[in-house]
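Dear colleague,

I am handing over the structure we spoke about, with some notes to read beside it. Please open it before you go through the rest.

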Amino acid sequence: MTRSTCPYCGVGCGVLVDARGNVAGDPAHPANQGRLCSKGTALGETLDQPGRLLHPEVDGKRASWDAALDAVAEGFRRALAEGGPDSTALYVSGQLLTEDYFAANKFAKAVLGTANIDSNSRLCMASAVAGHKRAFGEDLVPGVYEDLEQADLVVLVGSNLAWCHPVLFQRLVAAKAARPGMRVVVVDPRRTASCDAADLHLAVAPGEDVALFNTLLRHLHAEGLTQPAPGLEAALAAASGTPALPAADLARFCRWWAATPRVVTLFSMGANQSSAGTDKANAIINCHVATGRIGLPGAGPFSITGQPNAMGGREVGALANMLAGHLDWSVPGEHAALAEFWGAPGLATQPGLKAVELFQAAGAGRIGALWVMATNPAVSMPDAGAVRAALERIPMLVASDCTRESDTVELARIRLPALGWGEKDGTVTNSERVISRQRGFRPWPGEARPDWWAISQVAQRLGWDFGWDGPAAIFREHAAVTTLARPAARVFDLAGFTALDDAGYAALAPTRWPVPAPGAQGGRLQPTARCVPTPPRLPENATSAGFPLALLTGRLRDQWHTMTRTGLVPRLMAHVPEPLLSMHPDDAGSLAEGALARVESAWGSAVLRLKLDPAMPPGSVFAPMHWTDRFAPAARINPAVNPAVDPISGQPELKHTPVRVLPVPMAWHGFVLARRPLPTDLAEWSARLPLAHGVWRHELAGQDAPAAAFARLRAMVAEPDAAWVTLDDAAAGTHRAALLRDGRLLAVVFLGATPALPARDWLAGLFAEERIGLAARRALLAGRQADGAAPSPTICVCHGVSAGRIAGAIAGGACTLAQVGEATAAGTGCGSCRPEINALLAAARVAEPA
Amino acid sequence: MKVLVVGAGPAGTRCAVRAAQRVPRAEVTLLSAELALPYDRVALSKLLAGEAEVADLITHPVAELATLGVTFRAGVAVAALDRAARVVTTQKGECLPYDRLVLATGSSAVRLPLPGAELPGVLAYRDLGDVRAMLRLAAQGGHAVVIGGGLLGLEAATGLAARGMKVTVVHAMGWPMDRQLDPEAGGLLSTRLGRRGIRFIMPAATVALEGERHVQGVRLDDGRLLPASLVVMSVGIRPNVALARDAGLEVARGVVVDDAMRSSDAAIYAVGECTEHQGRLIGLVKPALEQAEVAAAALAGEAACWQPVPDSAALKVSGTAVWSAGEISAETAEAIILRDEDAEEYRRLFLRDGRLVGAVLYGDTADAGYYMRLIAEQRVVESRAELVLGSSFMDAAA
């Protein structure tokens, strides 16, 4: 049994892994206390990924590590010679372990001499970092997860905690169930699944959060609840604006907040991903600072990160505007201390290019060498079309990744095989400052190696000996960096780890910083804090007559980033199996549910299937950011997203792009289920995903003649000695076919004039049948059994329970979540689906008035 | 009351038996031009294929007919009808009086007026005598040519192939059974029969039958000569109406009858393939038997009315069930097609204005009744895909 840490979100749950890769929650880990969400529970299914990058490649050809590392070193050497340090860059990831992060940061700032190292954390919580630094002088999260349970009021701002941090959400829900007096407020333009637990939902318009918390600050001051704090007067003077919310709701929010000393305001990407993201963070922090509700049990502002080690990256300083170990250029002596410690006279002397600027510089031809690690900017960056073009323009693009199948790896000249979860060894820090070990329990596949090793090898070729024999040595060096230039007010202190020996590192238990001495365990922080003026600003690009809607992007419950891991797990793909654009019905006009719609901005466009959703606020549309070229090329949303950034944090405004939504007329809609993945250019629009039993589902729509498309698709899946069952209704545009050999289903092809096609789940299940009898073959074309009800989508991923079965249980008398669980087992696994079960229960109650 | 039935095919025999049962004090006489006892003509193909003996085909033994009150006389051909005197005269000059006469004279195979059509070895496929002659020739093996790829022609072809002959079917249209099947179903059928060694030449026309003392070959319009020691002409049937026409009854293509199967002479009824009802002939045994029942009821003084259902044809062609009904030409209708390659099943439905107007089923005809009802009801069908998949899916969709 190996103790490790989940590699998904910033909650940082402890996991126990047995020899066969079965994953369970670690009851001893403070973050989750044994719980896991749907993604964590499925971790074991992601271990044997097809498409692993197993060998170094140079110019598309397999190469030895030596040759590949030589090529990387030569590429950097040439870029340094031709353009100087600032023509080189690294773009890394919150997926990296702290030790890899540390190595990357040291390589950039000490070896290359540039601060052009940024992380995809820039997309995630850079605004929170900037907000922390403005308020506390340092990037500090004052609270701990227990605060969410001890608070009497929890305000979720721009956080769909139920989907994005399910374990914390479950802790919150459990606490609320135990103390019914506890209240939850959700501030989000969308009525998300998290509203399931909310006593009040404030559907602010995108960008109104500052006005909301300014209003709250004014209210707190008017009520006499503020206490003297640096900057408070200026903050009050700037605290203008009132969000367009129902007056009673706004008043209730202010009243509750004012009357509840134990209040946590948790904020996440909904707040951070904004051109006013830093101000949002500070507007929130201001209210806590002004009332002294900070660093106390159940009280404080709480930034929650998206990635497993965004915090670790912040700690080592692997962002363009940080130095290392919370050292800063702006503090006299700190740069010099680090330069001396590292023996790096060429240590970068000023902040470098942040993510959006970095790719803009690359697009302008100013970057000669870029090393991307464990992230997929070709998909995840805003204005992703331009980013892709920029990547293509870089003379030496290196990508280190564990997968071969990422849009960015595809573009790279040099590909280096990295270790994945379960293979690599190091530490991560979660959103409550707890450092946990991620431990390897699997052999390294192929020639894959740790990122820190590849980095130190290139450094060596550039004349630097980092002298590390393993991650423990790096961790000690990282800890030592936090002791430099002291005494100082810096809270971040790992002095207690500087002498941690290898055995101690191997056995390291989860530890919250600061750790000023061996054995110390950090707690809540009460930093010296100041209020910051936050005059409200509108999103950088306003909606207009031409682009009347605001596009928000975000995440799905069972997906992670660009699907390189979760996209291969059928039961995770089952939750939302198609790229959907959510829109309030009032905005739909002539657009119909299920039709394809083009989201178009001034920067680009994407085509998704339309879902009319009353939970959306009118005037806004929502698209998930996960889909890539590999799964749904036309549905990549980031090419449409504006590259506007927060002026302080550089974080892109992913939550507000003015768009219009246009119908995309299609001659046919269809799907193909086959025993292998087919190319994504099967039709004008396509989305593919893996299902159980090795089957791939392809959702398609096309503008060519349906009969011709049908023939083409059939030819694509045709196999020798197999026989077709087909249905053709040319006048109606209906074409259906199933291919069998000896009664075993090989493929189905369905086309229709409209998106209304039979459910795929039931058909997909038939691929498991050894033999489908003659009599059952027509059922294949019907998409259901002759006398059966139509199949329905899966809600509970853990136990494979469909909406239909849950509805059946409710109709059979189940009135509560627990009763549904007893009847069907739905919701009794990871619990991530409980909000959706509650929604079904609520719908049933509405349908059947008492 | 003397009831005289002329013709002991299925319709005549059924009518005679029912009249004997239903008409009080009736003296029913059934005349057959053939020597055999009433037999199942539909089963002639089994006799030809060796799946049945002559005895198996007999539907009504003499004793049974006697018990039922029917006087059966075999080998009696009728030569003339005197309606005024209500008397028929046999070829042998015998006069048979009647109170009510039922004409069940059936139909004859059409013989193409081709050179050589009278040669020995050129046969029709119509009655027991034809089958016996075919079996005699087949026993010698060799080549047979069947002219006409309709139902009977195909049955003849499969029967002869089963008897060991090398059989070629020459058909005027591009696919066999063109009146019951659409081109695709016809193609499936010819492919299937092809696997049994039957060759099809389609479309093709015969210009002559060649041979000196016995037929030796079939000359096609493209000049090809097909060797043949047996030629079966199966190019359609023609109602036997000479007796009725000579007697001055109203005759079009068949003997014109009303809904009660009465001819233009109230004392004379007609049933089966010799009749014409509302301008239409019949060619299948099921409506013929229905007509026989109606006529017997009318003879018994009951109100009786024959209501033909829309044309449908449920057939078993050499082991393959086929069924069709309504309009089966795609000219003005939309088609919905279901194909199952493994099962060799096929169905094509024809819709107009959302209503089912015709259907061809090949291989699986279980839904025939369901489609028949839909065609008759002319109801707009909502779920088209389910429609072609069959009634079990429609019920679930409804």
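What follows is a description of the two chains, their domains and the places where they touch.

Please keep in mind throughout that this is a predicted model, in which local features are described at pLDDT of at least 70 and side-chain atom pairs count only at pLDDT 80 or more.

I begin with the overall division of the chains. Chain A is split into domain 1 (1-48), domain 2 (50-123 + 309-512), domain 3 (126-303), domain 4 (549-663), domain 5 (668-782) and domain 6 (794-847). Between the C-alpha centres of domain 2 and domain 6 of chain A there are 44 Å. Chain B, for its part, is divided into domain 1 (2-108 + 237-299), domain 2 (122-233) and domain 3 (312-397), and the C-alpha centres of domain 2 and domain 3 of chain B lie 29 Å apart.

The contact between those two domains of chain B can be described in some detail. On one side there are 12 residues of domain 2 of chain B, and these are in contact with 13 residues of domain 3 of chain B. The elements giving two or more residues to the domain 2 side are α6 (151-162) and α7 (183-194) of chain B, and the largest share, 6 residues, comes from α7(B). By residue class, that side of domain 2 of chain B divides into 7 nonpolar, 2 polar and 3 charged residues.

As for chain B as a whole, its secondary structure comes to 12 helices and 25 strands, and its C-alpha atoms fill a box of roughly 65 × 60 × 35 Å along the principal axes. A compact globule of 398 residues would have a radius of gyration near 21 Å, and the 23 Å of chain B agrees with that expectation. Buried residues make up 46% of the 398 residues in chain B, and, among its contacts with a separation of 6 or more, 60% are accounted for by residues 24 or more positions apart.

Turning to chain A, I would point you to helix α3 (residues 98-112). Its 15 residues, at 1.5 Å a residue, should span 21 Å, and because the C-alpha atoms at its ends are 20 Å apart, the model agrees with that value. In α3(A), 15 of the 15 residues are buried, so the helix is largely enclosed by the rest of the structure. Just after α3(A) comes Gly113(A), which takes a positive phi of about 80 degrees.

There is also an open sheet in chain A, formed by 3 strands in the order β16-β17-β18 with antiparallel pairing. Its edge strands, each of which pairs on one side only, are β16 (426-429) and β18 (511-512) of chain A. The antiparallel pairing of β16(A) with β17 (residues 434-438) of chain A runs over 4 bridges, and within β17(A) the bridge partner of Gly426(A) is Gln438(A).

Two further residues of chain A may be worth a look. Ala592(A) sits in the loop between β20 (580-583) and β21 (596-600) of chain A, and, with 13 other C-beta atoms within 10 Å, Ala592(A) is partly exposed. Although 18 residues separate them along the chain, the C-alpha atoms of Ala592(A) and Leu610(A) are 7.3 Å apart. Arg598(A), which lies in strand β21 of chain A, likewise counts as partly exposed, with 17 C-beta neighbours inside 10 Å. Leaving aside residues up to four places away in sequence, Arg598(A) touches Ser605(A), Val607(A), Val661(A), Leu662(A) and Val664(A). Of these, Leu662(A) is 64 residues from Arg598(A) in sequence, while the C-alpha atoms of the two are 5.1 Å apart.

Finally, how many residues of chain A are in contact with chain B? There are 20, and they are in contact with 18 residues of chain B. The elements that give two or more residues to the chain A side are β28 (723-729), β29 (734-741) and α25 (777-782) of chain A, of which β28(A) gives the most, with 7 residues. The chain A side divides into 11 nonpolar, 3 polar and 6 charged residues. Strand pairing also crosses between the chains, since β28(A) and strand β23 (residues 334-340) of chain B pair in the antiparallel sense over 4 bridges, and Val725(A) stands opposite Asp340(B) in β23(B).

With kind regards

Technical notes:
Residues numbered from 1 in each chain as written. Chains lettered and ligands numbered in written order. Pairing = 2+ DSSP bridges. Expected span 1.5 Å × (residues − 1). Buried ≥ 20, exposed ≤ 12 C-beta atoms within 10 Å, placed from the backbone. Domains from an automatic or database assignment. Contact = placed C-beta atoms within 7 Å. Nonpolar A, V, L, I, M, F, W, Y, C, P; charged D, E, K, R; others polar. Rg over C-alpha atoms; globule rule 2.2 N^0.38 Å.
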